[in-house]
Amino acid sequence: MYDPNWVEEKIVIYFMNWATYFGCAMSALCSLLGFCILVFLRTTSNTSSLHKNTALAVGFAQLSLMCGIDLHEFLIPCRVFTIATLYFILCLFCWMMNQAFHIYSVVTYSVHNNDEVEDGSVIKFMIMGWVVPIIPVLIGALTKGDKFFHKGACFVSWDWFLIVGGPGVGIVFVTLLMKVIALKEYMQSSYSLSEKGNKLVV
């Protein structure tokens, strides 16, 4: 029979238990510890800058996930942490891609030049690592509104996950592609272009 006083029960999903909290906490701790070590050693190269920013992205992503995933009873904090978590996860992917591009440039430069590798500006890495990831997150949150957020947890709704998951998959693909190209360049540099040089290598 129809009950006029019936209210739909809100489904609450707990994504994490003590094991996942422990794993995220250790990941965040190790990442932030690595960042502090690099800062303490006063490393200034592009490589160390990439490592420091990647460590920050990992640490912030884990902390944001741990602190906000179960705040489903508080609407505004829940959505803030949802956006922050998605943003830092995409930042992590982008910094991984930055590392791949940097490896490719270092390998290519060392193959075609006998001098030391020149450190260029890190501004392009900063833009790609910290600015670009906010674009798909804001597009999803502003265009989809309440539908963008999961009803039972502080995370994105699975119906619209591709808005941020799609760029993430694309970034991972580009990262793997750049690493393969860098490996190919390195392997080719192991052999001389002359037959005599090849015999000496063998």
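**A walk through the helices**

Let us start with helix 6 of this predicted model. Helix 6 has 28 residues, which at 1.5 Å a residue should span 40 Å, and its end C-alpha atoms lie 39 Å apart, so the two values agree. Helix 6 covers residues 162–189. Several of its residues are buried: Val164, Gly165, Gly168, Ile171, Thr175, Met178, Ala182 and Glu185. When you look at that list, it helps to recall that an α-helix has 3.6 residues a turn, so residues three or four places apart point the same way.

Helix 2 can be looked at in a similar way. It runs over residues 46–68. From the first C-alpha to the last, its 23 residues reach 33 Å, close to the 33 Å expected at 1.5 Å a residue. How enclosed is helix 2 by the rest of the structure? Of its 23 residues, 17 are buried, so helix 2 is largely enclosed.

Now move along to helix 3, which takes in residues 75–112. Asn98 is one of its residues. With a relative accessibility of 3%, Asn98 counts as buried, because the cut-off for buried is under 20%. Leaving aside residues up to four places away in sequence, Asn98 touches Leu50, Phe125, Met128 and Gly129.

Helix 3 also holds Arg79, and here we meet a salt bridge. Arg79 pairs with Asp146, and their closest N and O atoms are 2.7 Å apart. Asp146 sits in the loop between helix 5 and helix 6, while Arg79 belongs to helix 3, so the pair ties together parts that are 67 residues apart in sequence. In general, side chains of opposite charge can pair when their charged atoms come close. Are the two partners buried or exposed? Asp146 is exposed, at 56% relative accessible area, and Arg79 is partly exposed, at 23%. The count for the model comes to one salt bridge.

Finally, turn to the surface around helix 4 and helix 5. Which residues make the nonpolar patch there? Ile123, Ile127, Val131, Val132, Ile135 and Ile139 form it, with an area of about 510 Å². Helix 4 (123–131) and helix 5 (134–144) each supply at least two of the patch residues. Helix 4 gives the most, with three residues. Val131 is a good one to pick out in the picture: this patch residue has its place in helix 4. Its relative accessible area is 46%, so Val131 is partly exposed.

Technical notes:
Residues are numbered from 1 along each chain as its sequence is written. This is a predicted model: local features need pLDDT of at least 70, side-chain atom pairs count only at pLDDT 80 or more; totals for chains, interfaces and linings use all residues. Side-chain values use heavy atoms; hydrogens and water are left out. Patches are made of residues with over 30% relative accessible area and no salt bridge: like charges are joined within 9 Å, nonpolar side chains (Val, Leu, Ile, Met, Phe, Trp, Tyr) within 5 Å. Accessible areas come from the Shrake-Rupley method with a 1.4 Å probe; for residues, only the protein chains shown count as cover. A salt bridge is a side-chain nitrogen of Lys or Arg within 4 Å of a carboxyl oxygen of Asp or Glu. Helices (H or I, at least four residues) and strands (E, at least two) are DSSP runs, numbered from the N terminus. Buried means under 20% relative accessible area, exposed over 50%, partly exposed in between (1.4 Å probe, protein chains only). Contact means heavy atoms within 4.5 Å. The expected span of a helix is 1.5 Å times one less than its number of residues.
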